[in-house]
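Colleague: I would like a close look at a single part of this model, explained at a pace that suits someone new to reading structures.

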Amino acid sequence: MNFKNLREYLAWLYYQYLLITGIYVLEPWEKSIFNSILFSVIAMVIYTSYVFVPIHVRLALEFFTRMFGGQPESTMTLMT
Amino acid sequence: MTESSVNKLLNGDSCRRTSNGLKTSKNGFVKNHCLLQQPHKYRRPRDKQPHGSCEALYKKPFVESFEETPLMVAVLTYMGYGILTIFGYLRDFLRQWNIEKRHIARERDEQKDFVPLYQDFENFYNRNLYIRIRDNWNRPVCSVPGPKMDLIERSTPNYNWTFEYTGRVLKDVLNLGSYNYLGFAENKGPCADAAIEATQAYGVGVGSTRCEMGNLDIHEELEQLVARFLGVESSMAFGMGFATNSMNIPALTGKGCLILSDELNHASLVLGARLSSSTIRVFKHNNMQSLEKLLRDAIVHGQPRTHRPWKKILIVVEGIYSMEGSIVRLPEIIALKKHYKAYLYLDEAHSIGALGPNGKGVVDYFGLDPKDVDIMMGTFTKSFGAAGGYIGGKKELIDYLRCHSHSAVYATSMSPPVAQQIITSMKIIMGEDGTTLGADRLRQLHENTTYFRRKLHDMGLIIYGNEDSPVIPMMLYMPAKIGAFGRQMLKKNIGIVGVGFPATPIIESRARFCVSAAHTREMLNTVNISDSWQSKYVRRLKYINETLTYYK
């Protein structure tokens with residue numbers, strides 16, 4: 001399978017998507033409904049992750065460093 | 001698989017035999033009296049080969065493979081069915097509320113308060129999944145269905161609810177769907193000439209049943225020829241293969257008898273078994289341990305409530321199973337049958353003419369004695385290019401069937417040109433017409449089978465079935481792929497048969513190829529299944545090993 005350009009490759013990917021999800025057998029208006037629902041769900045997931053994931057990651061790192069951050073100095077002083 | 005590894009049990013012991021053939025365990029006690037010992041440890045699934053004690057029954061290696069569905073593929077297939085079901089509910093809702101035009105069969109308004117007729121899953125599947133891709137089936141063929149055929153092109157204005165002819169005819173479509181194993185579906189040549197002469201001598205219709213005025217001398221000649229071909233004492237021919245099974249099993253068994261039938265038996269065998277009102281028990285497909293267990297339980301416990309002994313026990317199997325491409329394990333079944341004194345009914349619809357060095361079916365393939373099989377049934381549709389069925393066996397049995405079979409008493413007898421076609425083609429296969437045409441065709445079929453299976457396997461597609469069977473199911477799994485594959489192949493001028501639910505389990509949809517002796521290697525080379533199918537599911541390691549050994 002050699003694709004001459006990107007367009008052909010994207011068309012092949014879209015065809016695989018149609019076959020695997022079973023959308024291939026549906027009529028065009030049903031395909032549009034499914035595609036729009038799927039697209040809006042993916043867009044919402046991306047937007048939510050863009051807004052909230054950095055904040056959550058930062059908070060998680062802070063939590064863990066606070067829990068273990070105090071430890072190393074106190075155990076070292078105890079042992080020496 | 002080398003012989004030594006098969007003869008060793010998986011826990012490292014090798015099979016030691018006692019003097020009377022029973023197997024012993026380590027401390028010398030005989031384990032149990034089962035004929036076919038089940039291995040104790042977990043075997044690698046799906047590589048079915050005969051083990052230990054029955055290796056000696058098989059003269060050549062019996063290689064079958066039914067590779068397991070990859071997990072990701074099964075999950076995606078269920079997901080695809082789920083999405084299509086949701087859309088099916090949506091369309092049903094729209095049809096119910098008259099928002100869209102209804103093409104389907106529905107109840108009339110007066111029947112609405114009664115039990116609903118079209119609410120079960122079969123009807124739901126039919127109107128929401130099958131009809132969307134049904135342009136792949138019932139394609140009208142307008143020429144001889146030989147190695148190549150002509151199809152009438154159809155178009156549909158409303159997504160397969162109705163069809164119209166465009167007026168064009170697709171010429172020379174490669175025919176990989178017809179059961180034309182030896183290539184006798186032709187309109188020229190010695191068979192066609194002989195059939196023409198028979199039509200001129202006898203006409204086409206017979207106008208009566210075998211028992212009344214429909215017994216022509218051509219039928220007698222046919223039956224003697226069939227008996228000679230199979231190596232049995234006597235045989236009887238019927239006009240329709242389905243009717244042979246469904247009308248003769250009731251004549252053979254009745255109440256108080258037990259029928260042990262394979263899981264994947266054909267609808268005609270199931271119908272015949274049910275019509276006979278015998279008790280039916282089903283054993284797992286081609287699984288001899290399951291069959292032996294059922295036999296032992298039946299003999300020990302007898303009939304269900306009274307515990308009386310069964311009047312007869314009939315084991316019903318097929319030669320080649322057309323949906324799986326698997327060949328029956330006949331040597332083991334005959335050993336079991338003799339040991340437990342049961343009877344064997346062998347339906348060789350697909351295997352007669354197609355298997356065996358002389359084309360005499362699965363008995364010939366394994367090199368067994370035809371007298372061991374009590375009732376040999378087969379059809380003339382597949383390898384002989386005609387229509388009808390036959391039953392062969394002992395003379396007393398066939399004489400009994402001549403009087404007591406529904407098909408003999410009520411059904412019109414076989415049409416003379418059809419009978420003549422069978423006589424001529426059978427003589428060609430046996431070599432009695434003086435040419436080597438029969439032997440050439442048998443050899444060509446075997447070569448085509450091996451070549452095509454090798455070719456598809458090398459492409460990495462999952463192929464079910466035995467290495468020697470001319471029926472080749474190729475796994476597709478996803479519902480949309482059945483429709484898309486059929487259409488794409490038709491665009492490339494290749495006609496195939498796609499099979500889905502309910503003929504197969506719901507996630508195991510497949511495309512079934514039937515190779516023929518009339519196909520040439522160039523024709524088979526045109527079948528090029530490109531990578532766009534993503535159906536190449538064979539596990540990577542196996543695929544790599546195969547390619548390495550191939551190129552060595």
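Which residues of chain A does UniProt place under the feature "transmembrane region", and what can be said about that part?

Modeller: Please keep in mind throughout that this is a predicted model. The UniProt entry, which is unreviewed, places the feature "transmembrane region" at residues 9-26 and 32-53 of chain A. Taking residues 9-26 of chain A to begin with, the chain there is 72% helix and 0% strand, and the C-alpha atoms at the two ends are 23 Å apart. Residues 32-53 of chain A, by comparison, are 100% helix and 0% strand, with their end C-alpha atoms lying 30 Å apart.

Turning to the surface, we find a nonpolar patch of about 540 Å², which is made by Trp29(A), Ile33(A), Ile37(A), Val41(A), Met44(A) and Val45(A). One of these residues, Val45(A), is found in helix H2 of chain A, which covers residues 28-69. Val45(A) counts as exposed because its relative accessibility is 53%, and the cut-off for that word is over 50%.

Chain A also meets chain B, and the contact takes 18 residues from chain A and 22 residues from chain B. The area buried between the two chains is about 1,900 Å², and carbon and sulfur atoms give 70% of that area. Between chain A and chain B the count is three salt bridges. Glu30(A), for its part, forms a salt bridge with Arg91(B), where the closest N and O atoms are 2.8 Å apart.

Notes
Residues are numbered from 1 along each chain as its sequence is written. Chains are lettered from A and ligands numbered from 1 in the order in which they are written. This is a predicted model: local features need pLDDT of at least 70, side-chain atom pairs count only at pLDDT 80 or more; totals for chains, interfaces and linings use all residues. Side-chain values use heavy atoms; hydrogens and water are left out. UniProt positions are given in the numbering used here, feature names are shortened, and annotations may be inferred rather than shown by experiment. Helices (H or I, at least four residues) and strands (E, at least two) are DSSP runs, numbered from the N terminus. Patches are made of residues with over 30% relative accessible area and no salt bridge: like charges are joined within 9 Å, nonpolar side chains (Val, Leu, Ile, Met, Phe, Trp, Tyr) within 5 Å. Accessible areas come from the Shrake-Rupley method with a 1.4 Å probe; for residues, only the protein chains shown count as cover. A salt bridge is a side-chain nitrogen of Lys or Arg within 4 Å of a carboxyl oxygen of Asp or Glu. Buried means under 20% relative accessible area, exposed over 50%, partly exposed in between (1.4 Å probe, protein chains only). Contact means heavy atoms within 4.5 Å. Buried area is the accessible area (1.4 Å probe) that two parts lose on being put together, summed over both.
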